[in-house]
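Subject: Structure handed over, with notes

Hello,

The structure we talked about is below. Please look through it before reading the notes.

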Amino acid sequence: MKHVLSQDQINFYKKNGFLIVEDFLTKEELFHWNDVINNALIERKGRKFPYSEIVSGEDDGINKDAGYFGKVFDQIINLWQTSPDVKEIITDERIGQMAASLMDVDAVRIWHDQSLVKQAWANPTAWHVDTPFWSFNNREALSIWVALEDVTIENGCMYFMPGSHLHTKLEDPGISANIGDVFDKYPEYRFVKPVKAELKAGSCTFHNGLTLHAAGANMTTGTRRAMTCVYIPHDVTFNGTKNILTDEQMAKLKIGDPLNDEKQNPIIYSKV
Ligand SMILES: O=C(O)CCC(=O)C(=O)O
Ligand SMILES: [Fe+2]
């Protein structure tokens, strides 16, 4: 694993809100990640969360664009909680250290992981920011996005709006089927050229949750498989948003409480 980031890479990330790390995983590591993630996915049988029977895509019906989002990607969340092997790769202290240096914090918690598979002819992922979906207000929280197979323009690579993390807001701008709707909220980016992130299998990106990003449609007969995980500063506090929290956790939490449940959001890296 290429886990040491140079100062140039950190500076690039801070300025642009994303970073591409080529050949992040070795061939052997990539093989192992694919193996354990595939097994974990088989075991989950399509259930979106570890603790509920909702099948990925089926909760889509409540949305005005019913049917559309279920065909953007299969989203399976917190595989680390149902697979010890996925836990080992996704809570790797070295990834935590990379996240800490990009976020400029002393300690890092996992928020949630997710497997994102665009099936053949999947719809594009509309332009959006991530942070407004999460249960805390924080401008540093980020995601790693690891390509488990070659990711190209044809099968739905990601795109980033450089520098947008410095200007977007924590309030929810929503997401809809129209890929460009978010630019009604951020018109200053409507005509900015995005950076595309085609990745060889085993390469990865990091992106700040406030960076405007999107992904293309899958115009191939194959899949586009990625493993992603959100990492957060260790000391974020609850803002009232449910996101991936369980009903039991929601019942206990008050706005302003620390999100420090070691079962749900363990610390995976600490400087001291
Ligand atoms: O994989 C995709 O299509 C989108 C991923 C994404 O939005 C994210 O990781 O935050
Ligand atoms: Fe996103």
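The notes below cover a sheet, the surroundings of a ligand and a nonpolar core.

This is a predicted model, in which local features need pLDDT of at least 70, side-chain atom pairs count only at pLDDT 80 or more, and totals for chains, interfaces and linings use all residues. Residues are numbered from 1 along each chain as its sequence is written, while chains are lettered from A and ligands numbered from 1 in the order in which they are written.

The sheet: four strands (DSSP runs of E, at least two residues, numbered from the N terminus) make an open, antiparallel sheet in the order β4-β9-β6-β7. Strands pair if DSSP finds at least two bridges between them. β4 (125-128) and β7 (195-197) are the edge strands, each pairing on one side only. Strand β6 (residues 158-160) is joined to β7 by three bridges, and Met158 is opposite Ala197 in β7.

The ligand: ten names are worth marking around ligand 1, among them Phe73, Asp130, Trp145 and His213; a residue counts here if its C-beta atom, placed from the backbone, lies within 6 Å. β5 (142-147), β9 (213-215) and β10 (224-233) each give two or more residues to this shell.

The core: the largest nonpolar core (buried Ala, Val, Leu, Ile, Met, Phe, Trp, Tyr and Cys joined through C-beta atoms within 7 Å; buried means 20 or more other C-beta atoms within 10 Å) has 71 residues. Val146 and Ala226 are among those with the most contacts inside it.

Regards

Conventions:
A residue is buried if 20 or more other C-beta atoms lie within 10 Å of its own, exposed if 12 or fewer, and partly exposed in between; C-beta atoms are placed from the backbone.
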